[in-house]
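Visitor: I have a structure open and would like to go through it slowly. Could you keep me company while I ask a few things?
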Amino acid sequence: MTNQERIAQLEAYKIKDRFTLPDWEDREVEQSSKAKIAQMKKEVLRFTNFLMQQLTANVADLQTQAQQFFNDWDNEEFTQDETEFIVEVEYEAMRIAGIKIDDLLI
């Protein structure tokens, strides 16, 4: 898949509805507040935009860039459950971008 095709798929990924009540129920955790869910959605968009920028710039090692993104991520405003949920939602974006999820330390 070309970077342009990946970017197009990431654009489509960005408009999906996430963190809905059924998603929380599936996880068997209490749903966060609307304000916190809005922050979580922004975090997913921020990561997706990061991936798109990296693909547009045709970076040599997207895997390393993604690892650095997570190394630098200040996620202290989120609980452990929220952080895990955000990362799991971002797995799809990582897969689209061609990142080897199992090789990341998050």
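Visitor: To start somewhere, is Phe 69 buried or exposed?

Guide: Keep in mind that this is a predicted model. In it, Phe 69 has a relative accessible area of 10%, and because anything under 20% counts as buried, Phe 69 is buried.

Visitor: And what about Phe 70, buried or exposed?

Guide: Phe 70 has a relative accessibility of 7%, so it counts as buried.

Visitor: What kind of aromatic pair do Phe 69 and Phe 70 form?

Guide: The pair of Phe 69 and Phe 70 is edge-to-face, with 5.6 Å from centre to centre and an angle of 85° between the ring planes.

Visitor: Which residues are in the ring cluster?

Guide: Phe 47, Phe 50, Phe 69, Phe 70 and Trp 73 are linked into a cluster by ring pairs.

Visitor: How many aromatic pairs does the structure hold?

Guide: There are 8 aromatic pairs in the structure. One of them joins Phe 19 and Phe 85, which meet edge-to-face with 4.8 Å between the centres and 80° between the planes.

Visitor: Where do Phe 19 and Phe 85 lie in the chain?

Guide: Phe 19 is in the loop between α1 (3-14) and α2 (21-27), while Phe 85 is in helix α5, so that the pair links distant parts of the chain, 66 residues apart. As for their surroundings, Phe 19 counts as buried at 3% relative accessibility, and Phe 85 counts as buried at 6%.

Visitor: Let's move to the helices. At what angle do α3 and α5 cross?

Guide: Helix α3, residues 34-56, and helix α5, residues 80-97, have axes that come within 10 Å and cross at roughly 25°. Because an angle under 35 degrees counts as roughly parallel, α3 is roughly parallel to α5. The crossing of these two helices, α3 and α5, is right-handed.

Visitor: Which residues of α3 and α5 meet?

Guide: On the α3 side they are Lys 36, Met 40, Glu 43, Val 44, Phe 47, Thr 48, Leu 51 and Leu 55, and on the α5 side Glu 82, Phe 85, Ile 86, Val 89, Glu 90, Ala 93, Met 94 and Ala 97. Sorted by class, the contact of α3 with α5 has 11 nonpolar, 1 polar and 4 charged residues. You may recognise two names from the rings: Phe 47 belongs to the cluster, and Phe 85 is paired with Phe 19.

Visitor: Now α1. Where does it stand relative to α3, parallel or antiparallel?

Guide: The axes of α1 and α3 come within 9 Å and cross at roughly 165°. That makes α1 roughly antiparallel to α3, and the crossing of α1 with α3 is left-handed. The contact includes Ile 7, Leu 10 and Tyr 13 of α1, as well as Val 44, Leu 51 and Leu 55 of α3. Its residues divide into 8 nonpolar, 4 polar and 3 charged.

Visitor: And how do α1 and α5 pack?

Guide: The angle between α1 and α5 is about 165°, and their axes are 9 Å apart. These two helices, α1 and α5, are therefore roughly antiparallel to each other, and their crossing is right-handed. Arg 6, Gln 9, Leu 10 and Tyr 13 of α1 make this contact with Val 89, Glu 90, Glu 92, Ala 93, Arg 95, Ile 96 and Ala 97 of α5. By class, the contact of α1 with α5 has 6 nonpolar, 1 polar and 4 charged residues.

Visitor: Changing topic, where is Gln 53?

Guide: Gln 53 is part of helix α3, and at 51% relative accessibility it counts as exposed, because the cut-off for exposed is over 50%. The C-alpha atoms of Gln 53 and Ile 7 are 8.9 Å apart in space, although the two residues are 46 apart in sequence.

Visitor: One last thing: what is the phi of Glu 28?

Guide: Glu 28 has a positive phi of about 60°, although this residue is not a glycine. Glu 28 sits in the loop between α2 and α3 and is exposed, with a relative accessible area of 73%. Asn 58, in the loop between α3 and α4 (62-72), has a positive phi of about 55° and is not a glycine either. Asn 58 is exposed, with a relative accessible area of 56%.

Conventions. Residues numbered from 1 in each chain as written. Predicted model: local features only at pLDDT ≥ 70, side-chain atom pairs only at ≥ 80, totals over all residues. Heavy atoms only, no water. Axes fitted to C-alpha atoms, helices over the stretch in contact; angles between N-to-C directions. Helix = DSSP H or I, 4+ residues; strand = E, 2+ residues; numbered from the N terminus. Parallel < 35°, antiparallel > 145°, perpendicular 65-115°, else oblique. Left-handed = near helix turned anticlockwise from the far one by under 90°. Contact = heavy atoms within 4.5 Å. Nonpolar A, V, L, I, M, F, W, Y, C, P; charged D, E, K, R; others polar. Phe/Tyr/Trp six-rings, centres within 6.5 Å; stacked < 30°, edge-to-face > 60°. Buried < 20%, exposed > 50% of the residue type's maximum accessible area, 1.4 Å probe, protein only.
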